[in-house]
Amino acid sequence: MNTKLINNIEQFILEIPKVELHLHIEGAIPLETLFDFIQRRGGEASIKNLDDLRRKLIYTDFAHFIDLWVWKNTFIKEEKDFEEIAYQVLCNLSKQNVKYVEAHYAPGDYWRQGLSEQGITECLIKGMKRARDDFGIGCELILDICRDNGPEKGMERLNMLTPYLGKGLIGIGLGGSEQTFPADPYADVYKEAKERGFRLTAHAGEAAGPESIWAVIEKLGVERIGHGVRANEDPQLVSLLKQRQIPLEICVISNVRTGVCDSIEAHPIKQYFKQGLMVTVNSDDPTMFNTTISQEYLVLIKKLGFTINDLKRLSINGIKASFMSDRDKKLMEHQFEKEWEHLINKYS
Ligand SMILES: [Zn+2]
């Protein structure tokens with residue numbers, strides 16, 4: 001890297017054209033927006049400013065993380081809050097030159113507040129449309145049918161939200177407690193979703209090992225793996241991922257924060273990339289993990305020895321691994337090539 005690039009690396013990273021494929025919209029609410037919600041809902045004595053909120057979100061272990069997740073959700077009171085959430089999340093991503101997002105959402109988490117899953121979906125789609133008009137950023141939703149809720153609930157949710165397929169909803173995902181609830185019982189839900197035209201991804205190989213990744217590939221027929229970070233415990237699995245080029249939605253900082261990896265340096269992303277696996281870069285729950293999609297790219301350069309050319313490949317992998325149509329992929333790839341050329345010239 002030349003001196004100009006070294007001195008301006010953070011700005012350079014910010015300007016890289018990006019795709020985000022593994023982001024939970026409720027875990028990405030900008031701090032300012034969340035603070036605003038807290039104020040509007042009567043405030044909380046311990047949260048007087050953004051710094052207090054930032055400190056509040058530092059958790060001690062995974063159970064504490066879940067507590068904070070639930071606490072944050074209590075300030076979301078109305079379906080139309082989701083319009084604002086989608087708009088502000090996408091505004092924030094577009095400032096980092098993210099062009100396209102596939103965002104997970106879990107509409108089943110808000111029944112206590114009396115919010116309907118259809119209402120939440122419609123409001124998110126409204127926010128997404130406004131963001132597309134104002135910032136040109138594309139977004140599609142992935143319905144998280146959550147392992148903890150059981151396959152019956154998953155099927156019910158699928159039926160309820162199928163009318164939104166192709167209108168802002170593109171796929172289904174499987175979040176929740178991977179260790180406690182294996183993927184196998186969800187085979188029928190995934191089969192049905194596929195027949196209806198949903199695209200398929202699932203979290204696997206994060207809290208559980210390779211067997212969990214095998215299950216989502218063989219039993220659910222997923223097109224992508226959410227995380228897949230523990231694939232390297234099984235060389236046969238690594239060969240399969242390489243041979244079929246099944247994309248991994250890698251979220252380095254999340255994996256360190258939740259204790260899946262001991263440190264950024266210990267993360268296998270570089271190894272996977274070198275082995276020729278289809279790796280993408282994502283931020284998972286950026287607000288909760290105190291990260292950003294730009295930060296995810298930055299640590300690859302600063303701590304894991306990736307080159308600028310590697311980052312270019314990773315940014316284009318995001319397009320290839322997405323659920324966009326082949327035509328849209330081609331158009332976006334062309335746009336990324338042009339932006340990369342411009343970026344390299346600007347910083348050389
Ligand atoms: Zn996730």
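Let's start with β2 and strand β3, residues 138-144: six bridges join the two, and they run parallel. One pair to look for on your screens is Tyr100, which stands opposite Gly138 in β3. Please keep in mind that this is a predicted model.

Now stay with β2 for a moment, residues 98-105. Is this strand mostly covered or mostly open? It is mostly covered, with eight of its eight residues buried. Besides β3, β2 has strand β1, residues 18-24, as a partner, and that pairing is parallel too, over five bridges. If you would like a residue pair to find here, take Leu23, whose bridge partner in β2 is Ala103.

Let's zoom out to the sheet. How many strands form it, and in what order? There are eight, arranged β1-β2-β3-β4-β5-β6-β7-β8 in an open sheet with parallel pairing. At the edges sit β1 and β8, the latter covering 279-281, and each of these two pairs on one side only. On average, neighbouring strands in this sheet are turned by 25 degrees against each other, ignoring direction.

Further along the sheet, have a look at strand β4, residues 169-173, and strand β5, residues 199-204. These also run parallel, joined by two bridges. Ile172 is a good residue to click on, with Leu200 as its bridge partner in β5.

Next, the helices. As a reminder, two packed helices are described by the angle between their axes and the distance between the axes.

I'll begin with helix α7, residues 117-135. Which strands does α7 lie across? The answer is β2, β3 and β4, and α7 runs at about 160 degrees to β3.

α7 also meets α8. Their axes come within 10 Å and cross at roughly 50 degrees, which makes α7 oblique to α8. The crossing of these two helices is right-handed. On the α7 side the contact is made by Glu117, Gln118 and Thr121, and on the α8 side by Arg157, Met160 and Leu161. Sorted by class, that contact of α7 with α8 has two nonpolar, two polar and two charged residues.

Then we follow α8, residues 151-161, over to helix α9, residues 187-196. Here the axes come within 9 Å and cross at roughly 15 degrees. Why do we call this pair roughly parallel? Angles under 35 degrees count as roughly parallel, so α8 is roughly parallel to α9. The crossing of α8 and α9 is right-handed. As for who meets whom, α8 brings Pro151, Gly154, Met155 and Leu158, while α9 brings Asp188, Val189, Glu192 and Ala193. By class, the contact of α8 with α9 has five nonpolar, one polar and two charged residues.

One last stop, if you'll allow me. Please find Asp36, in helix α3, residues 31-40. Is Asp36 buried, exposed or partly exposed? Asp36 has 15 C-beta neighbours inside 10 Å, so this residue counts as partly exposed. From there you can also look across to Asn49, 13 residues apart from Asp36 along the chain, with 10.0 Å between the two C-alpha atoms.

To recap the route: we went from the parallel pair β2 and β3, through the open sheet of eight strands, to α7 lying across β2, β3 and β4, and on to α8 with its partner α9. Thanks, everyone, and I'm happy to go back to any of these spots.

How values were computed
Residues are numbered from 1 along each chain as its sequence is written. This is a predicted model: local features need pLDDT of at least 70, side-chain atom pairs count only at pLDDT 80 or more; totals for chains, interfaces and linings use all residues. Axes are lines fitted to C-alpha atoms, for helices over the stretch in contact, and angles run from 0 to 180 degrees between N-to-C directions. Helices (H or I, at least four residues) and strands (E, at least two) are DSSP runs, numbered from the N terminus. Angles under 35 degrees count as roughly parallel, over 145 as roughly antiparallel, 65 to 115 as roughly perpendicular and the rest as oblique. A crossing is left-handed if the near helix is turned anticlockwise from the far one by less than a right angle, and right-handed if clockwise. Two residues are in contact if their C-beta atoms, placed from the backbone, lie within 7 Å. Ala, Val, Leu, Ile, Met, Phe, Trp, Tyr, Cys and Pro count as nonpolar, Asp, Glu, Lys and Arg as charged, and the others, Gly among them, as polar. A residue is buried if 20 or more other C-beta atoms lie within 10 Å of its own, exposed if 12 or fewer, and partly exposed in between; C-beta atoms are placed from the backbone. Two strands pair if DSSP finds at least two bridges between them.
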